[in-house]
Amino acid sequence: MTYATYAYYVGEYGGNSIPESEFPKYAKKASAEIDHVTFGRLKRKTDDEIPDEVRDAVCDVAERMHKISTIEEEGNYASENNDGYSVSYRDIGDSISQQREIHTTIRTYLAVTGLMFRGVRDDDWS
């Protein structure tokens, strides 16, 4: 399940860096990351029960994933000068640091929602 739509991304979140045609792919990946850190709790909820914090997290993570993907596709050259031969690179970090950044982003939005609680609550059994 994807927890944010492109309409939400543009209208409520205020995003503009992901083209509409690419948004579903990144939103789906971001939603999967959120399912991972919330232990699948959101899969049992209806669309109306999904808090805006989750939708905002999806949008932010989707933007980060899109940025990483764009840099990887374009190459990590930031600039090149032939005069004195100088090359500078974009730093996108390794995959571990990228994963940490994504999880930190998710925690920023979901830490106060209780969705990341590792224990079992009464409502988890319903």
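K25 sits in helix α2 of this predicted model. The chain contains four helices and two strands, arranged along the sequence as α-α-α-β-β-α. Of its 126 residues, 34% count as buried. Among contacts with a separation of 6 or more, 68% join residues 24 or more positions apart.

**Residue K25 and its neighbour in space**

- K25 has a relative accessible area of 45%, so this residue of α2 is partly exposed.
- Its C-alpha atom is separated by 9.4 Å from that of H66, although K25 and H66 are 41 residues apart along the chain.

**Packing of α2 against α4**

- Helix α2 covers residues 23-37 and helix α4 covers residues 95-110; their axes come within 11 Å and cross at roughly 70°.
- Because angles of 65 to 115 degrees count as roughly perpendicular, α2 and α4 are described as roughly perpendicular to each other.
- On the α2 side, the contact is made by E33, I34, H36 and V37.
- On the α4 side, Q99, I102, H103, I106 and L110 take part.
- Sorted by class, the contact of α2 with α4 has five nonpolar residues, three polar residues and one charged residue.

**Nonpolar core**

- In soluble globular proteins, nonpolar side chains tend to be buried together.
- The largest nonpolar core in this model has 24 residues.
- The residues with the most contacts inside this core are F23, I34, L42, V54, V58 and I106.
- Helices α1, α2, α3 (52-74) and α4 are the elements that give two or more residues to the core.
- Helix α3 supplies the largest share, seven residues.
- I34 and I106, both listed among the residues with the most contacts inside the core, also belong to the contact of α2 with α4.
- Leaving aside residues up to four places away in sequence, L42 touches Y3, I34, D35, I50, P51, V54 and L115. I34 and V54 in that set are, like L42, among the core residues with the most contacts.

**Aromatic residues**

- The structure holds four aromatic pairs.
- A pair of aromatic rings is described by the distance of the centres and the angle of the planes.
- For Y6 and F23, the ring centres are 5.6 Å apart and the planes stand at 70°, so the pair is edge-to-face.
- This pair links distant parts of the chain, with Y6 in helix α1 (residues 6-13) and F23 in helix α2, 17 residues apart.
- The two partners differ in accessibility: Y6 is partly exposed at 24% relative accessibility, whereas F23 is buried at 2%.
- Y6, Y9, Y13 and F23 form one aromatic cluster.
- F23 therefore appears both in the aromatic cluster and, with a relative accessibility of 2% that makes it buried, among the residues with the most contacts inside the largest nonpolar core.

**A buried arginine in α3**

- R55 lies in helix α3.
- Its relative accessibility is 11%, and because buried means under 20%, R55 counts as buried.
- Not counting residues up to four places away in sequence, R55 touches Y3, A4, Y8, D47 and I50.
- Y3 and I50 are contacts of R55 and also of L42.

**Backbone at F39**

- Most residues other than glycine have a negative phi, and most peptide bonds are trans.
- F39 has a phi near 60°, a positive value in a residue other than glycine.
- F39 is found in the loop between α2 and α3.
- With a relative accessibility of 45%, F39 counts as partly exposed.

**Exposed positions on α1 and α3**

- A7 lies in helix α1. Its relative accessible area is 60%, so A7 is exposed.
- A7 and E20 are 13 residues apart in sequence, and their C-alpha atoms are 9.1 Å apart in space.
- K67 is placed in helix α3. At 57% relative accessibility, K67 counts as exposed.
- From C-alpha to C-alpha, K67 and S17 are 8.5 Å apart in space, with their positions 50 residues apart in sequence as the separation.

Technical notes:
Residues are numbered from 1 along each chain as its sequence is written. This is a predicted model: local features need pLDDT of at least 70, side-chain atom pairs count only at pLDDT 80 or more; totals for chains, interfaces and linings use all residues. Side-chain values use heavy atoms; hydrogens and water are left out. Axes are lines fitted to C-alpha atoms, for helices over the stretch in contact, and angles run from 0 to 180 degrees between N-to-C directions. Angles under 35 degrees count as roughly parallel, over 145 as roughly antiparallel, 65 to 115 as roughly perpendicular and the rest as oblique. Contact means heavy atoms within 4.5 Å. Ala, Val, Leu, Ile, Met, Phe, Trp, Tyr, Cys and Pro count as nonpolar, Asp, Glu, Lys and Arg as charged, and the others, Gly among them, as polar. Rings of Phe, Tyr and Trp (its six-membered ring) pair if their centres lie within 6.5 Å; planes under 30 degrees apart count as stacked, over 60 as edge-to-face and the rest as tilted. Buried means under 20% relative accessible area, exposed over 50%, partly exposed in between (1.4 Å probe, protein chains only). A nonpolar core is a set of buried Ala, Val, Leu, Ile, Met, Phe, Trp, Tyr and Cys residues joined through side-chain atoms within 4.5 Å.
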